[in-house]
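Student: I would like to learn how to read a pocket and its ligand in a model. Where should we begin?

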Amino acid sequence: MCYAIPGRVKSVRDKTVLVDYFGEEKKAYNEIDGLSAGDYIYAQGGYVIEKIPAPEAEAILSVWKETFFELQEVDVLLSRVDLEAKGIDPRVGRILDRAANGRKPSKDEVLELLNHEDTGSLTLFFKIANFLRQKNLKNSCCVHGILEISNYCSESCAYCGISSHHRGLSRYRMSPEEIVSAACEAVGKYGFKALVLQSGEDAGYRVEELAGVIRTIKEKTPALIFVSFGEVGIQGLEKLYQAGARGLLMRFETSNPELYGRFHPGAKLETRLEHLRKAYEMGYMIITGGLIGLPGQTRKDLADDISLTRDLRAEMYSFGPFLPHPETPLGEVLPVGETEVLKVLAASRLIDPLEAKILVTTAFETLSSEARRKGLLAGANSVMMNITPVEYRRQYAIYPNRAWENDLIEKQIEETISLLRSLGRAPTDLSVREKSNP
Ligand code: SAM
């Protein structure tokens, strides 16, 4: 099983290659020596990550070719907009009509959309988001694997179940050998092409050690590696990039500095934003976003969060509901409903219609058993699977009863692929970021 479709190189110019996927051409950034026209490759996030032998590629392509165009047809059908939808507020109708025709809504208009509650308007809002996703990005769905390497954390984020608030939590830290082995298994055995390595703010690993782990994974297996170790410092980011990391997952959590200060004692929003900006300049692909439903957070804050994600030039938008953990200061707060999350996903698609990967987060899947299906039909085009060894997963308790907490990777893959197929989506990652300031 494989979560990326091989492409055939059409041309190579410096570090840029033009790749053909069933007649569709995409550009990708290439760091592999000796690549030439006619070769087959895997690309992830716009990077060529592996050259593959022609017989292997042709065998995989022949399997996909049978279903690829069928899936596209299902996808187009599901993304059709029913313009007869009833009961739509005329102002919302105008904003959505313009969005469907390529004009991105302003921040005030996003707020107007987020403020609407009526079913008719929301149905159209989500359908337009799905229409834009289909029109601009076709049916590809990005699938990443996340490996939670340590739940030690020195921070005291008021919402987080692995923060220092949770004194009774038993802590684990995977050894470098365990991390490399889990990563290689995810790529070699299960076919993942993009991995996120995540931990709490764990001083138990030195950055050099993490860089060494990344280097070893890259030597042993082809994968696009995202890091998510928190604020490792700008030099730390540089070291991880030099070791081969190409993506950073770091949410700013909330763009409201007052709220940020309230829930992150001793930390500054600006420091986090500096990491994100500098990482982009270094060449990292950025995954960022925030929490939905923090106490005191307004819909205007959410509209600001979506704009900030775009301004940070995020490759992927990661917005999920805040879910209360009883061992934290926010343990008694009620989470938002499913609709609030869908609105944020759909609004993200409207303001970044052409390229954004929009993630259905595990927190959303924990909030609602329908999260993936509804999210993917409201503008989202990305999912993550948990590849942390099952014996550690429960301890990565950022909130209780996480979706997929006990499910083997095989089961997650089976259910994910089955859902994607039912929606006409192909688990591919064909989009491209032209690398700036490499
Ligand atoms: N240390 C890294 C960092 O600071 O980015 C990554 C680990 S942190 C636990 C990963 C993410 O978990 C955070 O960005 C936060 O949004 C999310 N998270 C933590 N507690 C949560 C909760 N109670 N509900 C939903 N998401 C939560």
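Tutor: Begin with a term: helices and strands here are DSSP runs, numbered from the N terminus, with at least four residues for a helix and at least two for a strand. Note also that this is a predicted model.

Student: How does one find empty space in a protein?

Tutor: Rolling a probe the size of a water molecule over the atoms shows where empty space is left. In this structure, the largest pocket holds about 960 Å³ of space.

Student: Which elements give two or more residues to the lining of the largest pocket?

Tutor: They are β6 (142–150), β7 (194–199), α12 (362–367) and β15 (382–386). The largest share, 3 residues, comes from β15.

Student: How many residues line the largest pocket, and which lie nearest its centre?

Tutor: The lining has 43 residues, and Gln 198, Arg 251, Glu 253, Tyr 396 and Ile 398 lie nearest the centre. Sorted by class, the lining of the largest pocket comprises 23 nonpolar, 12 polar and 8 charged residues.

Student: Where does the ligand sit?

Tutor: The ligand is in the largest pocket. Around the ligand are 19 residues, and the closest are Tyr 159, Arg 251, Glu 253, Arg 272 and Leu 323. By class, this shell has 10 nonpolar, 5 polar and 4 charged residues.

Student: How should I read the polar contacts of the ligand?

Tutor: Look for pairs of N or O atoms within 3.5 Å. An oxygen atom of the ligand lies 2.6 Å from an N or O atom in the Glu 253 side chain. For Arg 251, a polar side-chain atom is 2.8 Å from an oxygen atom of the ligand. Ser 199 takes part through its backbone, with a polar atom there 2.9 Å from a nitrogen atom of the ligand.

Student: How much of the accessible area of the ligand does the protein cover?

Tutor: On its own the ligand has 560 Å² of accessible area, and the protein covers 92% of that.

Student: What should I look for in the backbone angles?

Tutor: Most residues other than glycine have a negative phi. Phe 22 has a positive phi, near 45°, and is found in the loop between β2 (16–21) and β3 (24–29). Lys 138 also has a positive phi, near 55°; this residue is in the loop between α4 (119–137) and β6.

Definitions and conventions:
Residues numbered from 1 in each chain as written. Predicted model: local features only at pLDDT ≥ 70, side-chain atom pairs only at ≥ 80, totals over all residues. Heavy atoms only, no water. Near = heavy atom within 4 Å. Polar contact = N/O pair within 3.5 Å; in protein donor to acceptor, adjacent residues only side chain to side chain. Areas by Shrake-Rupley, 256 points an atom, 1.4 Å probe, with all protein chains shown as cover. 1 Å grid on protein atoms, 1.4 Å probe; cavity = no way out; pocket = protein on both sides within 12 Å on 5 of 7 lines; lining within 4 Å. Sits in = over half its atoms within 2 Å of the grid points. Nonpolar A, V, L, I, M, F, W, Y, C, P; charged D, E, K, R; others polar. Points joined across faces, edges and corners; volume = space filled by probe spheres on them.
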